[in-house]
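Work through the exercises below with the structure in view. Each task is followed by a solution in steps.

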Amino acid sequence: MSTSNHHTDDHLQHHFKDEDQQFESSKLGMWIFLVTEMLMFGGLFVAYIIYRAWHPDLFYLAAQELDAGLGALNTVVLIASSLTIALAIRSLQLDEFKKSIQYLSATLVLAATFLVIKYIEYTDKFAKGILPGGHYSYEGISHEMAANFFSIYYLMTGLHGIHVLLGMGLIGWMIIKVRKRSVHSRYFTPVENTGLFWHLVDIIWIFLFPLLYLID
Amino acid sequence: MAVAGALLVLTFLTVAVTWIQIPEPFNVIVAVGIAAIKASLVALFFMNLVRDSLLNRLAFVLSFLFLAIFVVITLLDTLFRDSGFPVF
Amino acid sequence: MAETSKQTISIREYPVDEHPDKNYLNHDKGILSWLITLDHKRIGLLYLGSITFFFFLGGVLALLLRTELLTPAQSILDADTYNQIFTLHGAIMIFLFIIPSIPAALGNFFLPMMIGAKDVAFPRLNLASFWIYVAGALFALFSIVTGAVDTGWTFYTPYSTETGTAVVSMTLGVFIMGFSSILTGINFIVTLHKLRSPGQAWGKMPLFLWSLYATAIIQILATPVLAITLLLLIMERVLGVGIFDPALGGDPILYQHFFWFYSHPAVYIMIVPAFGIISELISVFSRKTIFGYWAIALSSLAIAFIGFLVWGHHMFVSGQSELSSVVFSFLTFFVGVPTGIKIFNWVATLYKGSIDLKTPMLYALAFLFLFTIGGLTGIMIGALSVNVHLHDTYYIVAHFHYVMMGGTVIALLGGIHYWWPKMTGRMYNEVWGKITCAVIFFSFNMTFLPQFVMGSQGMPRRYFNYLEEFQGLHQFSTIGSYILGLGFVMMALYLAYSLFRGPKAPPNPWGARSLEWMTSSPPTHHNFEYTPVILHGPYDHHQPEHEFRMGLVSESKETHG
């Protein structure tokens, strides 16, 4: 470890004794942050579980309105983006900056694709009058609680969508960082943590997809 | 790469099982089960928990534990809202 | 975690520079150097100033409430204003004062010092946490001037979705402050795991840090649920999503589950740090090793865990299922076990100690007395049948004031007096300190003891008027609250006086053994000018003091690896 001190750039903050300690600290910090994210989404999952236990028929009827094909496509898109960002980190650890930027850009494109598909789904619903909560006006589902299902649907996918946007911002920032070479094989903490965040966004969608779209 | 492949196969599987109409409680279990396997794959390999420190793994597990507490105890109310205390 | 490779390090004693020219207070100058400081000590003081302000604000509101209650009929406040003021009193005291109080103010200041670190792991997040807190507080204040809130601090649906008052801005403020709490929690956990000095094993950490660790765990696990709850509440008002509002097919009891899943653990965010301070005070002023170190340390974690299982005891009359009421009541009794373990260990530490009744110790003893009353009445109202009788009466009000004020605030005051010399470099007047402690102790009991009696006789909480038979007790309580207010004014005066005229504080005025006392008062910018090495436990009063000032001989970074 003593050799790495000679490389020390401005990224080692004064209160850490070496880069290992700094890396482990920020990674632990990121994991704890992910825990808080999971519990925040957890609240919505609890609401989902309780309403599904109360009204199984509602969830069956309402889920028919959702396009499972587009949902599945989005799942594939997000899994692919998880792969590309993992590869981006791998390339960066090998100091292959060009490849790393390509993979990060691919991730960004995939994330945008996800949002475009989501946008298609949303506008399709809006056109039918399927709006969240009090603005709901669709007649096609013969269940008095239909608006509540879509409230949950919009809250869950909406909060997830906000996280996709945040993730895109982070990835864009990382591309700039790689370009400026301020991250490299000896210091890649920000990219690593962005990756962790992005994988969590993927994991949440992995649960959302079968729970919302695939109810038979 | 292999992990991504497995994830795609599982995604297909989770859609496919809806075509064969598994009876009521089991369809949810299968769907959530597949999702859990996929999530573990992402966590273990993409997020590299497989080689990470015990503490970070603990954090991940802990959040699921507390979510489970939240769900189970709340269901104790919502599922039994209209029935009296079972013993009496 | 800790380095596993075998290595030899050489250590020597570093004598304390009694009054260094440069300390953290004069390291940088100007307002801006405070507002954008990354120094955990300065951020701690910023928090201390803010919570003092909000405690004052909440306290004034409390005195207004008590003044209205002097007479059975309406006197100075009408019913709606009364509702708004008790809501604001509750919301300010809970979200703006007591939750950040001990962890964010004293914890921020002393956690890094106690483990010999230069700062917390993420100083920028620490500063962000303070400014997020300020932003949240501004939202809360904004809601006060734009129509206030009259829902009670719990924002129960469906009333909170229907009332015309400024619920959205208040809940948004609380939502934002949640992030500040989360950031503090993340910072503390990572700092404790990764930044401990050589030799600072978990078993040699001061118990205050164990309690902050347990608190941080609760903060990161519970606060996100509050965030989503308040978000849902806001969506309920803005979009009418119908999760909680029965008019839209929602379930109001579900809101209470969500809210208390956070807010019951949050009760332990408020009280567990207080336990930590008391452990420090009792050991130091008994000149004795703490009795049952591991029992106290682990019982904090046990409380943190059990705290997540008992939220439904706030909902016994809400209409939740009988099954869950019974389960919650049963689980509630378990909280008493780790709490009892702490009390017994503190008393055992006092036993045959050479007790020095300095002001902080008086607060610690007051805590033992008041918190025990608060805790035991808590066990009582955790019992299902008793709770149904006492629910929403002054008995509850008295109970949680004994825990929150008699417990947390008294411990906070003890902690402020204990660490005052270290934070400011000045000694306060001991005589005035003791007199004020006595005034606060007696007037606190005068204020809240009658409320137990009124509650058990059926005086409901949150009413601006009452039956004439309660007038005597209410007036006694109100007079007590005035004296209590006077006590705080006295404290503000002698503490402020000490800042300017108080004698300079020595590095270790109380003869303590933990690391924060092994540097100058006030500390220098980096806390220590060397890397401390810990040989003994934090309460080893039988070991010579100079052995606690050891540090690595070589300051260069080649000493490891």
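A nonpolar core is a set of buried Ala, Val, Leu, Ile, Met, Phe, Trp, Tyr and Cys residues joined through side-chain atoms within 4.5 Å. The model used throughout is predicted.

**Exercise 1. The core**

Task: State which residues touch the most other members of the largest nonpolar core, and which helix gives the largest share of this core.

Solution.
Step 1. The largest nonpolar core has 293 residues.
Step 2. Those that touch the most other members are A:F150, C:F95, C:I243, C:W346, C:F367 and C:W419.
Step 3. The largest share of this core comes from α8(C), with 23 residues.
Step 4. Take C:W419 and leave aside residues up to four places away in sequence: C:W419 then touches C:L106, C:F110, C:M114, C:F208, C:I277, C:E516 and C:W517.

**Exercise 2. A helix of chain A**

Task: Compare the span of helix α6 of chain A with the expected one, and decide whether the helix is largely enclosed or not.

Solution.
Step 1. Helix α6 of chain A covers residues 146–179, which is 34 residues.
Step 2. From first C-alpha to last, α6 of chain A reaches 49 Å; at 1.5 Å a residue, 50 Å is expected, so the two values are close.
Step 3. Of the 34 residues of α6(A), 24 are buried, so the helix is largely enclosed by the rest of the structure.
Step 4. Just after α6(A) comes A:R181, which takes a positive phi of about 60°.

**Exercise 3. Salt bridges within a chain**

Task: For the salt bridge of A:E65 with A:K128, find the distance between the closest N and O atoms. Then say which parts of chain A the pair ties together.

Solution.
Step 1. Over all chains, the structure holds 15 salt bridges.
Step 2. In the salt bridge of A:E65 with A:K128, the closest N and O atoms are 3.0 Å apart.
Step 3. A:E65 sits in the loop between α3 (56–63) and α4 (68–93) of chain A, and A:K128 in helix α5 (residues 97–128), so the pair ties together parts that are 63 residues apart in sequence.
Step 4. The relative accessibility of A:E65 is 19%, so A:E65 counts as buried, the cut-off being under 20%.
Step 5. A:K128, at 35%, counts as partly exposed.

Task: Do the same for C:D356 and C:R287.

Solution.
Step 1. The salt bridge between the side chains of C:D356 and C:R287 has an N to O distance of 3.9 Å.
Step 2. C:D356 is in the loop between α10 (322–350) and α11 (359–382) of chain C, and C:R287 in the loop between α8 (252–286) and α9 (293–306), so parts 69 residues apart in sequence are tied together.
Step 3. C:D356 is partly exposed, with a relative accessible area of 23%; C:R287 is partly exposed at 32%.

Task: Name the residues linked with C:E13 in a network of salt bridges.

Solution. The network links C:E13 with C:R513, C:E545 and C:R549.

**Exercise 4. Chain B against chain C**

Task: Describe the contact between chain B and chain C by residues, area and polar pairs.

Solution.
Step 1. Chain B gives 14 residues to the contact and chain C gives 22 residues.
Step 2. About 1800 Å² is buried between the two chains, and carbon and sulfur atoms give 82% of this area.
Step 3. The count of salt bridges between chain B and chain C is 1.
Step 4. C:D251 forms a salt bridge with B:R81, with the closest N and O atoms 3.0 Å apart.
Step 5. Across the interface of chain B and chain C, 4 residue pairs are in polar contact.

Definitions and conventions: Residues are numbered from 1 along each chain as its sequence is written. Chains are lettered from A and ligands numbered from 1 in the order in which they are written. This is a predicted model: local features need pLDDT of at least 70, side-chain atom pairs count only at pLDDT 80 or more; totals for chains, interfaces and linings use all residues. Side-chain values use heavy atoms; hydrogens and water are left out. Helices (H or I, at least four residues) and strands (E, at least two) are DSSP runs, numbered from the N terminus. Buried means under 20% relative accessible area, exposed over 50%, partly exposed in between (1.4 Å probe, protein chains only). A salt bridge is a side-chain nitrogen of Lys or Arg within 4 Å of a carboxyl oxygen of Asp or Glu. Contact means heavy atoms within 4.5 Å. Buried area is the accessible area (1.4 Å probe) that two parts lose on being put together, summed over both. A polar contact is a pair of N or O atoms within 3.5 Å; within protein, one must be able to donate a hydrogen and the other to accept it, and residues adjacent in sequence count only if both atoms are side-chain atoms.
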